[in-house]
Amino acid sequence: MSFRDTVKKTWQNRYLRYGSIIAALVIVLVIFYRKPPVPTEIHRVSRGTYEAFIEEDGITRVKEKFTVFSPASGVLMRVEKHAGDLLKKNEIITHVMLDYMRPVKSPVAGTVLKVHRESEGPIEMGSPIMDIGDTTKLEIVSEVLTRDVVALKAGNDVFISGWGGGPLAGKIRLIEPAAFTKISTLGVEEQRVRVLVDFERPKDLGEGFQVRCRLIAKRKENSLTLPVGALFREGNTWALYRVVKQRAVKAVVKIAESSGNMALIESGVTEGDEVVLFPGEKIRDGVKVK
């Protein structure tokens, strides 16, 4: 019997015919209604250096600034020096006329930072004339919240950015012992402490530049870390979705701490595990992902 005759005979059997039709319909329905894998971003858990840090704005300033004051009451002669001019130590800046011309000298060698009084005219003793400083020796002042500053100490590393040039490295030199009250942009009173940072000054950076400081509080080598974007709350615990055989599997994890966009993991995942980043509403336990 030929293959054609065999098919014809089989088709004439209504049980086999109906069974074939039903099987074909089931296959079509399964293919049609099968949910496609959910596109998602996947991260592989690895070991690395965990850094706990505090980010704050900072301002550059000359380490030692000197203000020249009028030594007497009299008539100030016109000041010919301007901001940016270089001065030698004991160089005459101007004169004050009393009963005689009294010279006003620069106490140090440096750069004129600001001229408070330029024009000729009467002046009282002790009135500021100009500010002088060595612009090659800058420091950064960052005002840190008191609840954050307790994690910092002198000698900690600082990464500096946001000034218009490349990243810079520095170290905390001093944490001032007294806090002060500052009003935030939202009108809230905050207690802050000034943190002074030493760094190598690039030639394009001057006094009064705003910078962004990442103050390192703690560094832990060979740590199991992952982005906080993989985590979500599950009751009182943290959870994430591991990717197992292309499917999302919910897992509870224990977090030691987090800083910035990274979390330090204690348990729940191991090195090499793949986890879903930023799981959306479509991600559920058992859902196929790609």
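Leaving aside neighbours within four places in sequence, Arg192 is in contact with eight residues named here: Glu56, Glu143, Val144, Leu145, Thr146, Ala179, Phe180 and Lys182. The model in which these contacts occur is predicted. Arg192 itself lies in strand S15. Its relative accessibility is 10%, so Arg192 counts as buried, the cut-off being under 20%. The side chain of Arg192 also makes a polar contact. The partner is the side chain of Glu190, at 2.9 Å.

Strand S15 spans residues 189–199. Its pairing with three strands, S11, S13 and S14, is described in turn. Strand S11 covers residues 138–145. It is joined to S15 by 7 bridges, and the two strands run antiparallel. Within this pair, Val141 stands opposite Leu196 of S15. Among the contacts of Arg192, Glu143, Val144 and Leu145 fall within the residue range of S11.

Strand S13, residues 168–175, is likewise antiparallel to S15. Here 5 bridges join the strands. Leu174 stands opposite Leu196 in S15. Leu196 is thus a shared point of reference, with Val141 opposite it in one pairing and Leu174 opposite it in another.

Strand S14 comprises residues 180–183. It runs antiparallel to S15, and 4 bridges join the two. Thr181 of this pairing stands opposite Gln191 in S15. Phe180 and Lys182, both in contact with Arg192, belong to the range of S14. S14 and S15 form a hairpin with 5 residues between the strands. In this hairpin, Gly187 takes a positive phi near 85°.

In a regular strand the side chains alternate between the two faces of the sheet.

A further set of strands forms an open sheet. The sheet has 4 strands, in the order S7-S6-S4-S9, and the pairing is antiparallel. Strand S7 (101–105) and strand S9 (121–123) are the edge strands. Each of these pairs on one side only. From one strand to the next, the twist averages 40°.

Inside this order, S4 pairs with S6. Strand S4 holds residues 74–76, and strand S6 holds residues 92–97. The two run antiparallel and are joined by 2 bridges. Val75 stands opposite Met97 in S6.

Technical notes
Residues numbered from 1 in each chain as written. Predicted model: local features only at pLDDT ≥ 70, side-chain atom pairs only at ≥ 80, totals over all residues. Heavy atoms only, no water. Pairing = 2+ DSSP bridges. Buried < 20%, exposed > 50% of the residue type's maximum accessible area, 1.4 Å probe, protein only. Polar contact = N/O pair within 3.5 Å; in protein donor to acceptor, adjacent residues only side chain to side chain. Contact = heavy atoms within 4.5 Å. Axes fitted to C-alpha atoms, helices over the stretch in contact; angles between N-to-C directions.
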